[in-house]
Every structure is written in C-alpha cells, then in structure tokens.
Amino acid sequence: MTARYFGLIPAAGSGSRFGGGAPKQYAPLAGKSMLHHAVERLLAAEEVEIVFVVLAPEDRTFRERDWSAFGARLAPLYCGGATRRDSVLNGLIAASSAFDPNDWVLVHDAARPCLGRGELARLIEAATGNDSGDDAGAILAVPVADTLKRADEDRRILATEPRDGLWRAQTPQMFRHGLLLRALRGAPLVTDEAAALEGLGWKPLLVEGSTRNIKVTFPSDLEIAELLLKDAQRETKR
C-alpha cells in the first residue's frame, strides 16, 4: 500500500514568552494569523492530504476565524496537552483512524510561518526518495554558524564550544506515524520529535533548511517574519 502524507501542527500553547492577550499562534501577520500562514505553507505540498491542528480543549478563537480556503484539507483536534510532546502525541492518537502506521506525518510549528516550498520539497524527497528502506525520517535544520559560549550561573563565560557538526533543528519533522507514536509514548520529556526517535536508536536525517524558516518567539520576531513573507510574495510574482 502506498504511504500517504499528513501534516500535524501543535497549536495549544499560550505563548507566555510572546505576551499579548491572545495565544501567539493567532497573532496577526501580513493580513492573516500566524497559524493561517503555517497551515498554508504546509499545504503548499500537494502530497499533504490533511493538516491536523492540535488545539487546547478550551480554545474558542479557532472557530472565530475563516479557514474556508483550506476546505477539507484542514481538521482541528481539541486535545492539546501541557507540552509540545503531549499535544503531538494526543493529536496522533486522536487522528489515528485516518492513518496507516506507514503513513508519513510532517510535524510543523505553528510559529514558523515562513516555511519555503523549496525546503519542504527537499525534506519530503530526502525522507522518501531513496530505496534504502531507511524509515528513520528526516527534519529540516541549519548548521550552527555562530560562536557558542558556555556560561556559568552568573553569565560568565566558562568555555567556547566547538560548533563542528552542530545543527539548529527546525520543522517540519517527518516520520512514519506508527514509529513516531511509539517513540513519543516512551519519551515524556523530549522537546522535539527527532529526540524521541533518537531515544529508540534511530538516526533521523538532517536536511538543510533555510534561515528564513524562523520561529517567532517574541513580538519583535513578527516584524522579521512579515518582511520575509512580503519578500517571498514579490519573488512569486516575478
């Protein structure tokens, strides 16, 4: 049976570091919410049939927004948990009737609204476009370019750390549904999906992404994201 492709976006967080009255994923950005952009970017891949958005059970804002542009390719799940790992795991379980264990799940951050078509295509090709039978999956990431300092509790420099071989993880992170479900069940403290797979001994592939695929963490990041989105729109019109 041919594997299918699905997206999953955990969007149950409160965005405490972001500030403001509404959760970060609903922050306005270039005429839409940040979550709208994240969904749109993931659905730019024709292979992705449906994007499941995992929301907090008490979320009321999602229903107030217009998602009609996505039709049946967008499905909300009101089962978000206290952490990213909990939300992803709950979403995988809640939508399990849609999946075969060998189907691919692309987990993407709601706070990454600038994902490019090129890196998304590279990720899908790298994870699935070989005959090696390697089901370890793949993630987008960028090599660390900055000098890294280790600090003590007073923020005094203890050492300069070598950056050779270090990458900054991004999303989407793409894995088989059955394997990801098993990995997350046994890894309650991980901060991303790849770490859960690593815990089972798998070695997911690093696919070079783009520094444009930023994660919006603070309000000032919205200005950068808006500039990147406008630049991408200009490139598309050329």
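The following exercises, each with a worked solution, concern a predicted model.

**Exercise 1. The surroundings of G137**

Determine where G137 is found, whether G137 is buried or exposed, and which residues G137 is in contact with beyond its neighbours within four places in sequence.

Solution.
Step 1. Place the residue in the chain: G137 belongs to the loop between helix 4 (117-128) and strand 7 (138-143).
Step 2. Consider its accessibility. The relative accessible area of G137 is 7%, and the cut-off for a buried residue is under 20%; G137 is therefore buried.
Step 3. List the contacts. With neighbours within four places in sequence set aside, G137 is in contact with W104, M174, F175, P204 and L205.
Step 4. Add a distance. K215 is 78 residues from G137 along the chain, and their C-alpha atoms are 21 Å apart.

**Exercise 2. The hairpin of strands 8 and 9**

Describe how strand 8 and strand 9 pair, and state which parts of the chain the salt bridge between E161 and R150 links.

Solution.
Step 1. Establish the pairing: strand 8 (residues 148-151) and strand 9 (residues 157-161) run in the antiparallel sense, with four bridges.
Step 2. Locate one facing pair: A151 of the hairpin is opposite I157 in strand 9.
Step 3. Examine the turn. Five residues separate the two strands of the hairpin, and R155 in this turn has a positive phi of about 65°.
Step 4. Turn to the side chains. E161 and R150 form a salt bridge of 2.6 Å, N to O. This pair links E161 in strand 9 with R150 in strand 8, 11 residues apart.
Step 5. Assess exposure: E161, at a relative accessible area of 27%, is partly exposed, and R150, at 48%, is also partly exposed.

**Exercise 3. Aromatic pairs**

State how many aromatic pairs the structure holds, and classify the pair of F52 and F99 by its geometry.

Solution.
Step 1. Count the pairs: there are four aromatic pairs in the structure.
Step 2. Take F52 and F99. Their ring centres lie 5.8 Å apart with 50° between the planes, and the pair is tilted.
Step 3. Relate the pair to the chain. F52 is in strand 4 (residues 48-55), while F99 is in the loop between helix 3 (84-94) and strand 6 (104-107); the pair therefore ties together parts 47 residues apart in sequence.
Step 4. Check burial: F52 is buried at 7% relative accessible area, and F99 is buried at 11%.
Step 5. Consider another pair. F62 and W67 are stacked, at 4.6 Å centre to centre and 15° between the planes; both residues are buried.
Step 6. Extend the view: ring pairs join F6, F52 and F99 in a cluster.

**Exercise 4. Salt bridges between distant parts**

State how many salt bridges the structure holds, and explain which parts of the chain are tied together by E193 and R84.

Solution.
Step 1. Give the total: the structure has 10 salt bridges.
Step 2. Examine E49 and R4, whose closest N and O atoms are 2.7 Å apart. E49 is in strand 4 and R4 in the segment before strand 1 (5-11), 45 residues apart.
Step 3. Examine E193 and R84, with closest N and O atoms 2.7 Å apart. Because E193 lies in helix 6 (residues 193-199) and R84 in helix 3, the pair ties together parts 109 residues apart in sequence.
Step 4. Evaluate accessibility: E193 is buried at 1%, whereas E49 is partly exposed at 31%.
Step 5. Identify the network: salt bridges link R84, D109, R112 and E193.

Note on methods. Residues are numbered from 1 along each chain as its sequence is written. This is a predicted model: local features need pLDDT of at least 70, side-chain atom pairs count only at pLDDT 80 or more; totals for chains, interfaces and linings use all residues. Side-chain values use heavy atoms; hydrogens and water are left out. Buried means under 20% relative accessible area, exposed over 50%, partly exposed in between (1.4 Å probe, protein chains only). Contact means heavy atoms within 4.5 Å. Two strands pair if DSSP finds at least two bridges between them. Rings of Phe, Tyr and Trp (its six-membered ring) pair if their centres lie within 6.5 Å; planes under 30 degrees apart count as stacked, over 60 as edge-to-face and the rest as tilted. A salt bridge is a side-chain nitrogen of Lys or Arg within 4 Å of a carboxyl oxygen of Asp or Glu.
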